[in-house]
Amino acid sequence: MLKLNKLAVLGLLACSASIGALAQDRKAPAYPLITHNPNFSIWSNTDQLNASTTTHWTGAEHSLLGLISVDGAIYRFLGKEETNYSTVLNASDEAAYTVAYTEAEPPGNWSAADYKADGWKSGSAPIGDDDKTAKTLWKSHDIWVRRSFNVSKPASINELFLKLNHDDNITVFLNGEKVYEKNGWTSSFQYQPISKASLKAGQNVIAIHLVNTAGGRFLDFGLVDKVKDNSANTLLAEQKNVDVTATRTIYNFTAGKIDLQVTFTSPLLLDDLTLLSRPVSYITYSVRANDGRKHSVKAFLGASSSIAVYQPSQAVTAQKYATDKLSVLKTGTVEQPTLQKGADDMRIDWGYFYVAAPKSSGAEQFISKSAEAASAFKKGTATSTESKGKSLSLNTVIPFGTVGDATVERYVELGYDEIYSIQYFNTNLRPYWNNSGKETIEGQLTQASDEYSTVVQKCAAFDKAVAAEALKAGGEQYAHLCVLAYRQSIAAHTLVKSPQDELLWLSKENNSGGFINTVDVTYPSAPLYLLYNPELMQGMLTGIFYFSESGKYPHPWAAHDLGTYPKANGQTYGEPMPVEESGNMIILTAAITKVQGNADYAKKHWKTLSTWVDYLVKEGLDPKTQLCTDDFAGHLARNANLSVKAIVGIACYAQLAEAVGEPETAKKYRAIAESMVPKWIEMADAGDHYALTFDDKNTWSQKYNLVWDKVLQLNLFPQKVYETETRYYLTKNNKFGIPLDSRRAYTKNDWILWTATFAPTPAQFEALIKPVYLHALETPSRVPLNDFYDSNTGVRDNFKARSVVGGFYMKVLSDKLRDK
């Protein structure tokens, strides 16, 4: 952990006050509650904790429901009751069904209820072009589908929804009436409200036209009835404020005559791998009377079995049991398909989710259907009614007894045992905390309980250190961004050990492909880990080195990724990014060497680094048409910023050569890098700025790759380059930041913070940072920090919950290395 100087300590109070009491009610686009890894990750997407159902980072409901009883009056403070549906017409996740279909445009009014579909084929659902998921193959441009079904009492339906998973453009008719239309695709079932007036008693017909525009093809559908919400009689606790720190999110409420503080702690201390890898979070409840009198108080937590499933239709088992010290609830899927699939928009459906409470607290636990959990608490029932089914609730009632002026505190633990976390070149790896295979989740839950006070104190101290360090480096707005980024970045990783007993800190490329250990995601994420534990930084590179050094990846450049999470069996991205990834790997190895003060890691991989640097020497100065980390912008030739990466990478290799004891090699490659700089300046010079591409002086771009020249003190590019670029960027500032380049208004906030880090003056740094800070507070896209958005509107272009926000810590890293 970083040691704070006196200035940082003195700044702490100001920082804590500012982050905890900003003028705006909103502190974040989404609030981290439970954050461990890409599977165990629960968020609140509204400023009021009780205004929405809590979700997984993908947006799927992972419901935590919190109620408190004060003298018998029930207040809701956490989440909303989980949305429940009953089936009107099943989709294939519940039961098989057949449809009539044709791939030739049908004559007449094909969507009408009484249409005669003569000559249409019959096929089983789902329909698609992947023979692994589809039961009826469809590979044409269009398909027309009809499905007949009966409904006995449509008037008894509460709210009718289409349950729909489609790829691509779709038009849906119910009994001849168009009820839904969308251009685009989904990757899971979505629920779309439609009028039940279109239904009739007896036979009904759904007719669908689906068009493939690009990529895959898929169709699965049904109808559901949204179960009536029974929470109308529940009072809402009044949220007074929320504070977000590096490891905690803290809410304060008034519930009638009681003040309630709820703290979510995920103890992700990067310098303590045992604690970091322990898959246990705490929810702490602190209550006291606010009227000077005594009141009878008890709290309720309902945790949904959806936390342990991929799709809500999956059946689960649940059980209640006890250890010597804990009362425990457990749930997981019946199927347990361990590491059987990899995808981006995916939730874990193997392993088991746990809710535990110390026996000493007197907590009562029971299992119910999700729809019945809240009413059971209101009625005072604590008897388990379920052990198998769908959409169950793990319920814990926490008694506080009679509460007066003195604060009474209780806590509950939430844990997840993945059993196996990662498949690494066809070997299934256990999570780091159970690498030996001899540990148990009950042991982890017990240790977490035994160490509760110590861990909470450690987290509070660490939170202060992180906030103070960021405040010193960049001011209040910068510190706020760093605090928001901390847990998100970490929770996009999983910690394991390789079969070679090497640490692997493997990212999931959340919401941008789902790849595992993507090098150009590691690259922007790196500053956080270089700061707080460079061993984890090594763990982000080791798998990529192994891929090349084992001969499994035969190319003379670095791979893009190791697969699709959680399967790290080899690159699954469609094409290489040779200059991008080779430059990234060399630069980050140099950064590790700089931070650690030794070249041991570089020596271990020297032959591979030497192969990659020679590729950069040959191809890096004036790159041919290829992708870079900003692959969403498409292929680009003669990319000036990519050229910077190559030049910096070559200079980093020279710095490494000096560190490993090869001075002649260092001189050779330093000379190559230095000779490239004036060529770069000449090719990129566009007068008052430097161009996006060498062949078009009417373009511009952020040259964020320059930052390593400053951070690693390479002293390659003249100061004029930084001054010229920064002045020009400030003429391009939009409401939510400077665009990535001249092609469109979109931007990447991680790159803005890198660009700001090399700004020549503090005023310029702050001018570049402020719009990013505003985006965190004002973006209409209520998701975990989104790093890719429109710089004018703040609307998310894509991406959310990604690890790249670890790059926000670049200014802190830069200052640390400068001071060192």
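**Exercise 1. Strand 13 and its neighbours**

Task: State which residue of strand 14 stands opposite T171, and which residue of strand 16 is the bridge partner of T171.

Solution. In this predicted model, T171 stands opposite E181 in strand 14. On the strand 16 side, the bridge partner of T171 is H209. Next, take the strands themselves. Strand 13 (residues 169-174) and strand 14 (residues 177-182) run antiparallel and are joined by 5 bridges. Strand 13 and strand 16 (residues 202-211) also pair in the antiparallel sense, over 6 bridges. The hairpin of strand 13 and strand 14 has 2 residues between the strands, and N175 takes a positive phi near 55° there.

**Exercise 2. The two faces of strand 13**

Task: Sort the residues of strand 13 by the way they point, and decide whether they are buried or exposed.

Solution. Start from the general rule: in a regular strand, side chains alternate between the two faces of the sheet. In strand 13, N169, T171 and F173 point one way, while I170, V172 and L174 point the other way. Both sets are buried. The count for the strand is 6 buried residues of 6.

**Exercise 3. The surroundings of I143**

Task: Find where I143 lies, whether I143 is buried or exposed, and which residues I143 touches beyond four places away in sequence.

Solution. I143 lies in strand 11 (residues 142-151). Its relative accessibility is 1%, and the cut-off for buried is under 20%, so I143 counts as buried. Leaving out residues up to four places away in sequence, I143 touches Y101, T102, E103, I127, W138, I208, H209 and L210. H209 is also the bridge partner of T171. For a distant pair, take I143 and D417: they are 274 residues apart in sequence, and their C-alpha atoms are 43 Å apart in space.

**Exercise 4. The length and packing of helix 13**

Task: Check the span of helix 13 against 1.5 Å a residue, and say which helices its buried residues pack against.

Solution. Helix 13 (residues 663-684) has 22 residues, which should span 32 Å at 1.5 Å a residue. The end C-alpha atoms are 31 Å apart, which agrees. The buried residues are A666, Y669, I672, A673, M676, V677, W680, M683 and A684. A general point helps in reading this list: an α-helix has 3.6 residues a turn, so residues three or four places apart point the same way. The buried residues of helix 13 pack against helix 11 (606-619), helix 12 (640-660) and helix 15 (719-730).

**Exercise 5. Salt bridges**

Task: Explain what parts of the chain are tied together by the salt bridge of R217 with D129 and by that of R278 with E451.

Solution. A search of the whole structure finds 31 salt bridges. In one of these, the closest N and O atoms of R217 and D129 are 3.2 Å apart. R217 lies in the loop between strand 16 and strand 17 (218-226), and D129 in the loop between strand 9 (127-128) and strand 10 (136-137), so the pair ties together parts that are 88 residues apart in sequence. R217 is buried, with a relative accessible area of 17%, whereas D129 is partly exposed at 24%.

In the salt bridge of R278 with E451, the closest N and O atoms are 3.0 Å apart. R278 lies in the loop between helix 2 (273-277) and strand 22 (280-289), and E451 in the loop between helix 4 (441-450) and helix 5 (452-474), so this pair ties together parts that are 173 residues apart in sequence. R278 is buried, with a relative accessible area of 3%, and E451 is partly exposed at 31%.

**Exercise 6. The nonpolar cores**

Task: Name the residues that touch the most other members of the largest nonpolar core, and the helix that gives the most to this core.

Solution. The largest nonpolar core has 212 residues, of which I68, W708, F717 and Y809 touch the most other members. Helix 12 gives the most to this core, with 14 residues. The contacts of W708 beyond four places away in sequence include Y523, L530, I587, W754 and L813. A second, separate core of 27 residues includes V151, L160, I194 and L219.

**Exercise 7. Backbone details**

Task: Locate P126 and P566, and state what the peptide bond before each is.

Solution. P126 is in the loop between strand 8 (121-124) and strand 9, and the peptide bond from A125 to P126 is cis, with omega near 0°. P566 lies in the loop between helix 8 (534-549) and strand 35 (567-568). The peptide bond from Y565 to P566 is cis, with omega near 5°.

Note on methods:
Residues are numbered from 1 along each chain as its sequence is written. This is a predicted model: local features need pLDDT of at least 70, side-chain atom pairs count only at pLDDT 80 or more; totals for chains, interfaces and linings use all residues. Side-chain values use heavy atoms; hydrogens and water are left out. Helices (H or I, at least four residues) and strands (E, at least two) are DSSP runs, numbered from the N terminus. The expected span of a helix is 1.5 Å times one less than its number of residues. Buried means under 20% relative accessible area, exposed over 50%, partly exposed in between (1.4 Å probe, protein chains only). Contact means heavy atoms within 4.5 Å. Two strands pair if DSSP finds at least two bridges between them. A salt bridge is a side-chain nitrogen of Lys or Arg within 4 Å of a carboxyl oxygen of Asp or Glu. A nonpolar core is a set of buried Ala, Val, Leu, Ile, Met, Phe, Trp, Tyr and Cys residues joined through side-chain atoms within 4.5 Å.
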